[in-house]
Amino acid sequence: MSRRAVVLGGLGLAGAAGTYGALSPRGRRLLGWTGPDGVVPAVEPVPVQPMPWGAWTGVAGPVVLVLHGRGGSVRWWEELGLPRFLNGHGFRCAVVNGGEDYWVNLDPPVPFEAALGISMGGFGVLDLATRRSLKAVAAISPALFPSWEDAERIDGFASREVWEAHEPLRHRERITSPVGVWCGREDPFHDPAVELARAVGAVGSFEHGEHSDGYWRRVLPEALRFIGDRV
């Protein structure tokens, strides 16, 4: 290969890197430049026992309350791979079936020591953390809303008063539990997630990633380790 080809190739790579950094989050999403998708481990899944309120996932150990994203269910978590990701962890999950009200009417069906949630579920576990002390709170891509105008667009709250009473960003000073937050740079909720994480001293990561199963599978092992180290 000629020196000129090497130089031009290097310039091409540098240009691509510059373009990558300059693109907006939406532009990177459209191009698929959001980091690698996570992979469900090829291990035996832990048992899933259906319950009237959802399902037990796992068989023994401290209880972790698990809240799905909007429109999700126990099945949603199974398709994400939770029963396989849980293999080898010393706790079990109470996976709750919910509706679309951002968990603001949640009455936890069992006692629990920690909580895990994705998207709407991330909102839900952080809301819980404003009301009680837990050993660990893991929020992945939490759907947080800096203003009522932002929240109103998704039609997920019965009223502004309901949103104001539950929005974790508005009550961050009440969160005293250990918190982990993971949210991709290409996720529409990235900026408010970073704001809350900084306010409560959360651990976690904000690498490239969008609001998708691929990103959630990538960071779920880290979130589960965060919980396992604390329960």
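**Briefing: one chain, two loop residues and a helix**

The accessible surface here adds up to about 11,000 Å², and carbon and sulfur atoms account for 51% of that. Keep in mind that this is a predicted model. The chain has 231 residues, 47% of them buried, and its secondary structure runs to nine helices and eight strands. As for contacts between residues at least 6 apart in sequence, 65% link residues at least 24 apart.

**His171, in the loop between helix 7 and strand 7**

- Start with the loop that leads from helix 7 (160-166) to strand 7 (179-182), which is where His171 sits.
- His171 has a relative accessible area of 12%, so it counts as buried, the cut-off being under 20%.
- Leaving aside residues up to four places away in sequence, His171 touches Thr130, Glu164, Ala165 and His166.
- One of those neighbours, Ala165, also has its backbone oxygen 3.4 Å from a polar atom of the His171 side chain.

**Ser177, in that loop too**

- Ser177 is another residue in the loop between helix 7 and strand 7.
- With a relative accessible area of 4%, Ser177 is buried because that value falls under the 20% cut-off.
- Once residues up to four places away in sequence are set aside, the contacts of Ser177 are Arg132, Ser133, Leu134 and Val137.
- Take Arg132: it is 45 residues from Ser177 in sequence, yet the two C-alpha atoms are 8.3 Å apart in space.
- Leu134 comes in through its backbone, with its nitrogen 2.8 Å from a polar atom of the Ser177 side chain.
- So both loop residues have a side-chain polar atom paired with the backbone: His171 with the oxygen of Ala165, and Ser177 with the nitrogen of Leu134.

**Helix 8 and what it packs on**

- Helix 8 covers residues 190-200, and its buried residues are His190, Pro192, Ala193, Val194, Leu196, Ala197 and Val200.
- Those buried residues pack against two elements, helix 5 (120-129) and strand 7.
- Strand 7 is worth a second look: it follows the loop that holds His171 and Ser177, and it also takes part in the packing of helix 8.
- Right after helix 8 comes Gly201, which has a positive phi of about 65°.

Terms used:
Residues numbered from 1 in each chain as written. Predicted model: local features only at pLDDT ≥ 70, side-chain atom pairs only at ≥ 80, totals over all residues. Heavy atoms only, no water. Helix = DSSP H or I, 4+ residues; strand = E, 2+ residues; numbered from the N terminus. Buried < 20%, exposed > 50% of the residue type's maximum accessible area, 1.4 Å probe, protein only. Contact = heavy atoms within 4.5 Å. Areas by Shrake-Rupley, 256 points an atom, 1.4 Å probe, with all protein chains shown as cover. Polar contact = N/O pair within 3.5 Å; in protein donor to acceptor, adjacent residues only side chain to side chain.
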